[in-house]
Amino acid sequence: MNDTTTPLRLGTRRSKLAMAQSGQVAEAVQQLTGRPVELVEITTYGDVSREHLAQIGGTGVFVSALRDALLADEIDFAVHSLKDLPTQQPDDLALAAIPAREDPRDVLVARDGLTFEELAASSTVARIGTGSPRRMAQLNAWARTLGRRIETVPIRGNIDTRLGYVAKGELDAVVLAAAGLTRLGRIGEVTEFLETDAVLPAPGQGALAIECAVTNAPLAATLAELDDPYTRAAVTAERSLLAALEAGCSAPVGALADLLAVGQVVTEMRLRGVVGTTDGSTLVQLSTTGPVPASSEEAVALGQLLAAEMLDKGAAGLMGERAL
Ligand SMILES: NCc1[nH]cc(CCC(=O)O)c1CC(=O)O
């Protein structure tokens, strides 16, 4: 497998977003190794199920088929949206690389170029499409601070489908991840980038994970060259918070770690987290800062520290509900 002509097999879901993400990573791996990279399409349960994600258990439905293919040696590596990965990493699979993350924010795509505050102020109750309890909780809380009410409408489907609800006039707006729109070349349709003071993204949002079997040490070492240590530290802290809150990917938990700098010099990492009820009536939102983690253990510790403070403030009681 160390020759330069045998293609590396990159397993990917068939969705446009997955194909775009995999295509970009394939390009980078090809540059890095000089070896051709071949895309192998894998269908996952999350792609075929019509049920709402929260009903089929949320965590990891998109990734298990890719992981099965890795372990069966049908593919050499796989690319996931990091936010779709369960927080518990299987022993037999390596997160070989976490490349530099895209814009982690959520965005609004609304009719008539409107912003969230403009929509919330409209004379009829704005209908905003999102099935994510995290987005519902924070959008409803934001509307409450304006003394307004919005209606969140559960939707799923791929990004094209979601944007279609606005284009066809069935919803006033949808909320999506900026990263997905950027990767699909549709970031120009955004009508507002939601500031993280108002809406914290999902842990790991905007980052990709490149995974291979731990037994394939040479490939893992090669892929590691695509790793961005700051992104890895940030998403490790965010996912550690999620894990310590014992919440899954369909739980109303937002988290974002970022670097604080004085001039050009990075001084600390800040981790912010939020948990809330989907109606937005109660949010627990806290922040902590510490030295930039120098190891995975330190990043995990930062997440655990914030989780403990959030649990102390009653976070556990807000995570019981499951979204629709
Ligand atoms: N839950 C589906 C999903 N998984 C990753 C992304 C976007 C890309 C990313 O966050 O890395 C999306 C779509 C969305 O939330 O708008």
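**Exercise 1. Place Asp73 and describe its backbone and exposure.**

Solution. Asp73 sits in the loop joining α3 (64–71) and β3 (77–81). Helices (H or I, at least four residues) and strands (E, at least two) are DSSP runs, numbered from the N terminus. This is a predicted model: local features need pLDDT of at least 70, side-chain atom pairs count only at pLDDT 80 or more, and totals for chains, interfaces and linings use all residues. Residues are numbered from 1 along each chain as its sequence is written.

Next, the backbone. Asp73 is not a glycine, yet its phi is positive, about 60 degrees.

Last, exposure. A residue is buried if 20 or more other C-beta atoms, placed from the backbone, lie within 10 Å of its own, exposed if 12 or fewer, and partly exposed in between. Asp73 has 11 C-beta neighbours inside 10 Å, so Asp73 counts as exposed.

**Exercise 2. Do the same for Asp112.**

Solution. Asp112 lies in the loop between β5 (106–110) and α4 (116–120). Its phi is positive, about 55 degrees, although Asp112 is not a glycine. Asp112 counts as exposed because it has 10 C-beta neighbours inside 10 Å.

**Exercise 3. Check the length of helix α9 (residues 229–244).**

Solution. The expected span is 1.5 Å times one less than the number of residues. For the 16 residues of α9, that gives 22 Å. The end C-alpha atoms are 22 Å apart, which agrees. Now its cover: 13 of the 16 residues of α9 are buried. After α9 comes Glu246, with a positive phi near 55 degrees.
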